[in-house]
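Work through the exercises below with the sequence and the model open side by side. Each task is followed by a solution that goes step by step.

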Amino acid sequence: MSVDLSSCRREFPSLALRVNGNVAAYFDGPGGTQVPTRVIEAVTRYFREANANCHGEFVTSQRTDEIISAARQAVADMLGAAYADEIAFGPNMTTLNFALSRAIGRALAPGDEIVITDLDHEANRSPWQALEEKGVVVRSVRVNIPECTLDYDDLERAITDRTKVVALGYASNAVGTINDVRRASALAHSVGALCVVDAVHYAPHGVIDVRDIECDFLLCSAYKFFGPHIGIMYGRRDVFGRLVTYKVRPQNPAAPYKIETGTLNHEGIAGVIEALEFIASLGDAAEGVEGHNDGAKTARGLQAHPEGASERSERRSRILAGLRAIELHERPLFSRLMDGLASIRKVTVYGLPAQAERTPTVSFTIEGRRPLDVARFLGQRGIFVWHGDFYATTLIERLGLAKAGGVVRVGMAPYNTMEEVERLLEAVEEFARH
């Protein structure tokens, strides 16, 4: 079954862009999605009506406090968190994760161990590898090649009684593989370690329930799901509360404030609320479409937490229904893309098949051609894709593609159409022929 969300295109002013006479086709979503008008208006409305710093005794400051509080609650609803104070904001996921690793590292001793994976974005590798200067041992779990899946036997071997942190991605930003984060979390907790999940790539495409997967920390970025450039961190209340962070002396020592160094991006936080409302609106639009309702009900069932208020429960239901609608819209586009790429001579596609447990993101190469040249050729025709390693540096090295310039990456978003997919395939085939 599928859901056609193409009507949402009218909400994205950037889709009117033309390149050399061609309407732009945005397949660059894995690097950051386009932004709907409601998010743009929320940002500008903040500047008009609420622009101030926090905790003042005047109306604009009070409005800012209210916006930040509302955004924490909205994100908590999206992630299935029990409490709004489990949600922290920062400049981006990488900065937040470095702050988290430094804080956790304060309690580590030489010989303590951290487990990361070869599949991950460097934002969930480098912050932990930086602790090696303290004598911490960092182990990296292997990837099965060519499937581009985690070697779970190697994961189990890597976790020992000395393991203090297991850090892994929910999904690969390079090849779309979805990892069994619940299994990783259970393995971490079996030896008393923490589990840190990078959900940056997964968040725009799938349901997240932090209490179901039982992670201790989870990070994502609003600009990957139609919002401004804001980093987000969930921290389980009891673990987050014990965390000793690096902060200035006057900073509130309680969670989540203890990790939010400096003044936050208030206007961007205002936009986060509307980004989540946009996702929810996609579920509203898909109500009554055959093949969607059952999925929406299934998604709604995931959020039935007894301590949640009815208003929160309704918003989470709408967000999850929106994510389900996105999945049903993207699936047939992605299947056609994968089938089309596989049929083009000289094209090699990496990772799992379209029907596997993966996000609608694919990377490929063309024999004898540089990914840079492929991306440039497509870009001149108004087709936006990424090339390189996308900070999934270790995975691209394991695939033996680093010296050749990495791969070409294409990702789906709800504003993409089948017509755009056909344009992309025709252009790739044209380039491969020459």
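**Exercise 1.** Find which residue in strand 9 stands opposite Glu113, and then trace the pairing of strand 9 with its partners.

*Solution.* Opposite Glu113 stands Thr163 of strand 9, where strands (E, at least two residues) and helices (H or I, at least four) are DSSP runs numbered from the N terminus. This is a predicted model, in which local features need pLDDT of at least 70, side-chain atom pairs count only at pLDDT 80 or more, and totals for chains, interfaces and linings use all residues. Residues are numbered from 1 along each chain as its sequence is written, and side-chain values use heavy atoms, with hydrogens and water left out.

Next, strand 5 (residues 113–117) runs parallel to strand 9 and is joined to it by three bridges; two strands pair if DSSP finds at least two bridges between them. On strand 10 (residues 194–198), Leu194 stands opposite Val165, and strands 9 and 10 pair in the parallel sense over five bridges.

**Exercise 2.** Explain why strand 9 is described as largely enclosed.

*Solution.* Of the seven residues of strand 9 (residues 163–169), six are buried, so the rest of the structure largely encloses this strand. Buried means under 20% relative accessible area, exposed over 50%, and partly exposed in between (1.4 Å probe, protein chains only).

**Exercise 3.** Identify the residues that touch the most other members of the largest nonpolar core.

*Solution.* They are Tyr170, Leu218 and Phe225, in a core of 87 residues; such a core is a set of buried Ala, Val, Leu, Ile, Met, Phe, Trp, Tyr and Cys residues joined through side-chain atoms within 4.5 Å. Helix 9 (residues 266–286) supplies the largest share of this core, nine residues.
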